[in-house]
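Q: I'm new to this one. Could you take me through a single part of it up close, looking at how its helices pack?

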Amino acid sequence: APCAPRAARSSSSSRKMAPQKRGAKAAAAAPAKRERKDPMLAGVEQALAMAEVPEGCRKMLLAAAPHCLGVARETREGPQRMLVDCIGQAVGSVQSKLAAETAAQAQQLAECLGARAGLE
């Protein structure tokens, strides 16, 4: 009986399985489609990867980001708001660091161009 427990089923192999179609094995082995990521979330994940935070904290923020940032602001619960604030602080620190590095590079470029103009 199809609904009978395994122990009650006959152990004889008198019934054979129906043959599979040719493409069945190939279709079963094909990987599942990837879920498309939100490009804004990808940017946040990239910034979190660059943030100077302990590795455990980084992993927690990366895992929580889609569940917190994917929820409308007015419907977020307390823990989600707290994690969004933490993510915001980490991303803000990366933005500040990159802005400082950009300013330093711009200053160095200006000095090189000034020295070049003096040589010509």
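A: Happily! Let's start where H2 and H3 cross: that crossing is right-handed (the near helix is turned clockwise from the far one by less than a right angle). The model is predicted, so to speak of local features takes pLDDT of at least 70, and side-chain atom pairs need 80 or more, while totals for chains, interfaces and linings use all residues. Numbering runs from 1 along each chain as its sequence is written, and side-chain values use heavy atoms, without hydrogens and water.

Helix H2 covers residues 39-50 and helix H3 residues 55-69 (DSSP runs of H or I, at least four residues, numbered from the N terminus). Their axes come within 10 Å and cross at roughly 160 degrees (lines fitted to C-alpha atoms over the stretch in contact, with angles from 0 to 180 degrees between N-to-C directions). H2 and H3 are therefore roughly antiparallel (over 145 degrees). On the H2 side, Leu41, Val44, Glu45, Leu48, Ala49 and Met50 meet Arg58, Leu61, Leu62, Ala65, Pro66 and Leu69 of H3 (heavy atoms within 4.5 Å). Of the residues in this contact, 10 are nonpolar, none polar and two charged (Asp, Glu, Lys and Arg count as charged; Ala, Val, Leu, Ile, Met, Phe, Trp, Tyr, Cys and Pro as nonpolar; the others, Gly among them, as polar).

H3 also meets helix H4, residues 78-119, where the axes come within 9 Å and cross at roughly 120 degrees. H3 and H4 are therefore oblique to each other. Met60, Leu61, Ala64, Ala65, His67, Cys68 and Leu69 of H3 meet Gln80, Leu83, Val84, Cys86 and Ile87 of H4. That contact divides into 10 nonpolar, two polar and no charged residues.

Note on methods. Helices (H or I, at least four residues) and strands (E, at least two) are DSSP runs, numbered from the N terminus. Angles under 35 degrees count as roughly parallel, over 145 as roughly antiparallel, 65 to 115 as roughly perpendicular and the rest as oblique.
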